[in-house]
Amino acid sequence: MPSENTTIKMRLTKIGSCEIENNLSSISVEHLDKTNLKINYNVFVEINLPLSQVSVKVALSYLDGSSYLFNGKLTCTFEIEKLSTFIELDEEKDEFNIKSDFLPSLIALSFSTTRGYFARELIGTALEAYPFPMISSKSLLERVNYQVI
C-alpha cells in the first residue's frame, strides 16, 4: 500500500479515438440563435488494472435547443506505474476506493485537451466564436462514470 507521500509516476500515452458528428455545414452564423445555444458534457473513466492504464473519454456537445449541432468524443490514455497499488476493490459491494487523489488531475487534463482539440474542429463553422467553456473540477467530477477492469 502506498503512503501519502508516494510519488505517482504517470504519463500520457495516447490522445485518440476521436468521434465527431455535426450538422454545422448547413448552419450559418446569421442563423445561429445564441440564446438557444446549450452545451452538454460527460466523462467516462476506465481503470484498466492489468494494463496499468487509465483512459478518460470526454464527450462534448453543442445543442440548438434540443437539436444537436456538434457532438464529439475524445479519449486520453495514461499509463500509471503500479496502478493496482492505488486501487482497492470491494467486489461484493461492486465498489472501488482510490488511495491517492490523482484521478481529478487526469480528468481535468483530459477535459482541457478535448476542449482544445474541438476548438480546432470548430474553426470556420458557425460555432467558431463559441469555444467550449472551462468547467470547474467540481462540476466535472459530478459527471464522471467509472469502470474498473
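**Warm-up: the overall layout**

The protein has two helices and seven strands, where helices (H or I, at least four residues) and strands (E, at least two) are DSSP runs numbered from the N terminus. This is a predicted model, in which local features need pLDDT of at least 70, side-chain atom pairs count only at pLDDT 80 or more, and totals for chains, interfaces and linings use all residues. Residues are numbered from 1 along each chain as its sequence is written, and side-chain values use heavy atoms, with hydrogens and water left out.

**Exercise 1.** Work out in which pattern the helices and strands follow one another along the sequence.

*Solution.* Reading along the sequence gives β-β-β-β-β-β-α-α-β. For the dimensions, take the principal axes: the C-alpha atoms fill a box of roughly 60 × 30 × 25 Å. Of the 149 residues, 35% are buried (under 20% relative accessible area; exposed is over 50%, partly exposed in between; 1.4 Å probe, protein chains only).

**Exercise 2.** Find how many disulfides the protein has, and look at Cys 18 and Cys 76.

*Solution.* Start from the rule: a disulfide is a pair of cysteine sulfur atoms within 2.5 Å. The count by this rule is zero. Cys 18 is in no disulfide, and the nearest cysteine sulfur, that of Cys 76, is 11 Å away. Cys 76 is likewise in no disulfide, with the sulfur of Cys 18 as its nearest, 11 Å away. Next, check the accessibility. Cys 18 counts as partly exposed because its relative accessibility is 32%. Cys 76, at 1%, counts as buried.

**Exercise 3.** Identify which residues form a negative surface patch, and place Glu 92.

*Solution.* First, the criteria: patch residues have over 30% relative accessible area and no salt bridge, and like charges are joined within 9 Å. A salt bridge is a side-chain nitrogen of Lys or Arg within 4 Å of a carboxyl oxygen of Asp or Glu. Then collect the members: Glu 88, Asp 90, Glu 91, Glu 92, Asp 94 and Glu 95. Finally, place Glu 92: this residue lies in the loop between strand E5 (87-90) and strand E6 (95-98). Its relative accessible area is 81%, so Glu 92 is exposed.

**Exercise 4.** Describe the phi angles of Ser 17 and Ser 52, and say where each residue sits.

*Solution.* Take Ser 17 to begin with: its phi is positive, about 55°, although the residue is not a glycine. Ser 17 belongs to strand E1 (residues 10-22) and is partly exposed, with a relative accessible area of 42%. Now Ser 52, also not a glycine: its phi is positive, near 55°. Ser 52 is found in the loop between strand E2 (37-48) and strand E3 (53-64).

Notes:
Patch = residues over 30% accessible without salt bridge, like charges linked within 9 Å, V, L, I, M, F, W, Y side chains within 5 Å. Areas by Shrake-Rupley, 256 points an atom, 1.4 Å probe, with all protein chains shown as cover. Lys, Arg positive; Asp, Glu negative; His and termini not counted. Charge placed at Lys NZ, Arg CZ, Asp CG, Glu CD.
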